[in-house]
Structure formats: structure tokens, C-alpha cells
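Colleague: Please put the model on the screen, and we will go through it question by question.

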Amino acid sequence: MIMKCVSCGINVEVQNNWVQFKCPSCGESEVVRCEKCKLVGNTYKCGKCGFEGP
Ligand SMILES: [Zn+2]
Ligand SMILES: [Zn+2]
């Protein structure tokens, strides 16, 4: 399954360390982040409401 990391924008096969959750702001958009972005604490941005978070 190929997913796109919303932080760094790369398309990578999802592995165990990927995190996926609903946007805490609007609760509609799925936020996907790769292990690298999680480690370095890159921000993500919701594609729906524009919410940015760590
Ligand atoms: Zn990433
Ligand atoms: Zn949102």
C-alpha cells in the first residue's frame, strides 16, 4: 500500500512505523507521516482545513 507522507511529500510503501490519524482539527482528513518525519518532528498540514501541527 503506497501512502504519501504529508510532511515530506514522498510516496513510500507504508511500513510499521508509519503513523496515520485523523486531523485533530477537522477530524475528516487522514494525516499520514513517515518514520523520519515523526523522528525529526516535522510539521504536518491538513489538506482539508489547513491545520498545522507537530
Ligand atoms: Zn515524511
Ligand atoms: Zn483538518
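Colleague: Does E28 count as buried or exposed?
Modeller: The cut-offs are under 20% relative accessible area for buried, over 50% for exposed and partly exposed in between, with a 1.4 Å probe and protein chains only. In this predicted model, E28 has a relative accessibility of 52%, so E28 counts as exposed.

Colleague: Before we go on, what are the ground rules?
Modeller: Residues are numbered from 1 along each chain as its sequence is written, while chains are lettered from A and ligands numbered from 1 in the order in which they are written. The model is predicted, so local features need pLDDT of at least 70, side-chain atom pairs count only at pLDDT 80 or more, totals for chains, interfaces and linings use all residues, and side-chain values use heavy atoms, with hydrogens and water left out.

Colleague: Which residue forms a salt bridge with E28?
Modeller: A salt bridge here is a side-chain nitrogen of Lys or Arg within 4 Å of a carboxyl oxygen of Asp or Glu. For E28 the closest N and O atoms are 3.3 Å apart, and the partner is K48.

Colleague: How many residues apart in sequence are the parts that K48 and E28 tie together?
Modeller: Strands (E, at least two residues) and helices (H or I, at least four) are DSSP runs, numbered from the N terminus. K48 lies in the loop between β5 (44–45) and β6 (52–53), and E28 in the loop between β3 (19–22) and β4 (30–33), so the parts tied together are apart in sequence by 20 residues.

Colleague: How many salt bridges does the structure hold?
Modeller: Besides K48 with E28, the side chains of K22 and E30 meet at 2.7 Å, N to O. K22 is partly exposed at 44% relative accessibility, and E30 is partly exposed at 34%. The number of salt bridges in the structure is two.

Colleague: What arrangement do the four donor atoms around the zinc ion (ligand 2) have?
Modeller: Donors are N, O and S atoms within 2.8 Å of the metal (3.2 Å for Na, K and Ca); water is not among the atoms, so sites may look incomplete. For ligand 2 the protein donors are the SG atoms of C23, C26, C46 and C49, at 2.3 Å. Four donors count as tetrahedral if all angles lie between 85 and 135 degrees. The angles at ligand 2 are 106 to 116 degrees, which makes the arrangement tetrahedral.

Colleague: Which spacing do the donors of the zinc ion (ligand 1) follow along the chain?
Modeller: The protein donors of ligand 1 are the SG atoms of C5, C8, C34 and C37, lying 2.2 to 2.3 Å from the zinc ion. Their angles of 103 to 118 degrees make the arrangement tetrahedral. For ligand 2 the spacing is C-x2-C-x19-C-x2-C; for ligand 1 the spacing is C-x2-C-x25-C-x2-C.

Colleague: What is the relative accessibility of C5?
Modeller: C8, another donor of ligand 1, is partly exposed at 30%. At ligand 2, C26 is partly exposed at 27%, whereas C23 is buried at 2%. C5 also counts as buried, because its relative accessibility is 0%.

Colleague: Which pattern does the protein chain follow along the sequence?
Modeller: The chain has one helix and six strands. Read along the sequence, the pattern is β-β-β-β-α-β-β.

Colleague: What radius of gyration does the protein chain have?
Modeller: The value is taken over C-alpha atoms, and the globule rule is 2.2 Å times the number of residues to the power 0.38. For 54 residues a compact globule would come out near 10 Å, which agrees with the value for the chain, 10 Å.

Technical notes
Four donors count as tetrahedral if all angles lie between 85 and 135 degrees; four count as square planar and six as octahedral if opposite donors are over 155 degrees apart and all others between 65 and 115; anything else is irregular.
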